[in-house]
Amino acid sequence: MQKLLQARARLELANIEAWGEPEWSLALEGAAKGDRLFGQRQFSMAAESFLESLRLLQLLESERGQRLANALDSAWQALVIDDSISAMAFFDKALAIEEDNEDALSGSEQARVRPDVLRLMSSGDRSRASGDLLEARSAYLEAATLDTAYEAAAIALNDTNEQINELTFKDAMSRALAALDAEQIETAEAALQQAARLKPDEEVVRDTRVQLAQTRQRLWLTSQRQSAARHEQNENWSNAVAIYQEVLARVPQAAFAHQGLAFAQDRERLHQQLDHYLGDPSRVFSDQPLANAKQLIKSAGTPPAGEPRLAAKIHQLELLIDEATTPLVITLNSDGLTNVQIYHVGRLGQFTSQKIDLRPGTYTMVGSRPGYRDVRQTITVKPGSDHQVLDIRCEETI
């Protein structure tokens with residue numbers, strides 16, 4: 001009886017009432033029978049009754065671990081087939097055997113939310129079937145959040161996300177290609193970037209990126225070519241040169257830039273050479289610069305009708321050359337005693353008045369007379385100036 005009472009006390013602490021049936025009730029009945037026999041002083045029969053009950057309690061104690069495993073196994077099997085009611089009952093039994101069993105606690109929570117998870121899964125399936133993928137994803141995501149271990153929800157969510165990504169990818173690529181055909185570069189770039197984020201390794205993304213780069217370069221070259229042409233039409237050759245050089249720096253094989261650069265640089269040099277003389281007309285008053293200016297006019301040839309600025313500069317230089325080579329009449333007055341000489345022109349000797357033809361320029365005139373200090377004058381003959389009258393004579397005695 002003492003051993004029976006000890007075993008009974010241990011099992012009651014282990015919540016035997018919740019998991020030990022029917023053996024627990026049979027053991028209690030045997031114990032009660034033994035008590036009655038003991039009270040009747042039928043000790044031998046009482047001992048047999050106590051011993052039978054003790055054996056039942058010892059069997060329950062020995063089977064506690066196995067009964068826990070069986071309850072968990074039955075619970076998980078019920079949960080696999082979505083029988084949440086049976087699963088809850090088995091998990092409760094497992095928790096009755098071991099109240100802090102983590103497997104049972106986790107499973108019990110999954111069984112509790114399984115009806116809600118199944119409802120969300122059904123809602124997601126209906127939305128997916130009707131083509132409302134965003135609504136389906138929302139339902140699957142909520143189901144997967146409720147039960148993170150429910151693989152069906154995770155799989156459905158992943159599949160739906162892949163469907164959405166595929167549709168989004170196709171839409172982005174369609175917009176990118178349409179914008180590319182319309183040469184809307186920025187729009188095409190934005191759509192292609194969206195597609196690339198979804199499927200960066202897709203061959204169509206790589207091919208379209210190459211096509212986009214080629215189109216962007218082609219449009220840029222066209223724009224630069226048109227810009228250079230506008231500068232050429234306005235005879236802004238330095239700007240045209242800068243554009244052609246920028247094009248060749250980025251696209252060395254651009255034939256139009258090679259040809260345009262050579263022509264624009266030639267025209268730029270020609271304008272610079274013309275400006276060299278037109279900026280200081282007095283340059284052509286000297287023989288060598290005058291010869292160079294004439295050679296420049298000869299090499300420039302007849303300017304095209306589309307280059308009025310060049311034609312105007314050539315005409316101005318021609319007029320300048322004509323003026324520089326047209327002598328002007330200068331009247332020199334003296335005293336008939338002074339010997340007069342003009343450097344690079346010649347000796348004029350003594351005279352009282354003499355007229356001489358001089359080309360525009362600057363001349364040095366020297367007068368000399370024995371016993372008198374020499375006089376020196378610098379005269380400038382300018383094109384278009386009035387008839388000049390100059391006086392030179394030695395008057396200061398030595």
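Student: In this predicted model, which residues of helix 2 are buried?

Tutor: The cut-off for burial is a relative accessible area under 20%. In helix 2, the residues that are buried are Glu23, Trp24, Ala27, Gly30, Ala31, Gly34 and Leu37.

Student: How wide an arc do these residues cover around the axis of helix 2?

Tutor: An α-helix has 3.6 residues a turn, so residues three or four places apart point the same way. The buried residues lie on the same side of helix 2, because the arc they cover around the axis is only 145°.

Student: Which residues are exposed on the other side of helix 2, and what covers the buried ones?

Tutor: The cover over the buried residues of helix 2 includes helix 1 (2-13), helix 3 (43-62) and helix 4 (64-80). On the other side of helix 2, the exposed residues are Glu29, Arg36 and Gly39.

Student: What span should helix 2 have, and how far apart are its end C-alpha atoms?

Tutor: Helix 2 (residues 23-39) has 17 residues, and at 1.5 Å a residue these should span 24 Å. This agrees with the separation of its end C-alpha atoms, which is 24 Å.

Student: What is the strand order of the open sheet of three strands, and which are its edge strands?

Tutor: The sheet has mixed pairing and the order 4-1-7. Each edge strand pairs on one side only; these are strand 4 (353-358) and strand 7 (388-391).

Student: In which sense do strand 1 and strand 4 pair, and which residue stands opposite Val329?

Tutor: Strand 1 (residues 328-333) pairs with strand 4 over six bridges, in the antiparallel sense. Opposite Val329, in strand 4, stands Asp357.

How values were computed: Residues are numbered from 1 along each chain as its sequence is written. This is a predicted model: local features need pLDDT of at least 70, side-chain atom pairs count only at pLDDT 80 or more; totals for chains, interfaces and linings use all residues. Side-chain values use heavy atoms; hydrogens and water are left out. Two strands pair if DSSP finds at least two bridges between them. Helices (H or I, at least four residues) and strands (E, at least two) are DSSP runs, numbered from the N terminus. The expected span of a helix is 1.5 Å times one less than its number of residues. Buried means under 20% relative accessible area, exposed over 50%, partly exposed in between (1.4 Å probe, protein chains only). The arc is that of the directions from the helix axis to the C-beta atoms. Contact means heavy atoms within 4.5 Å.
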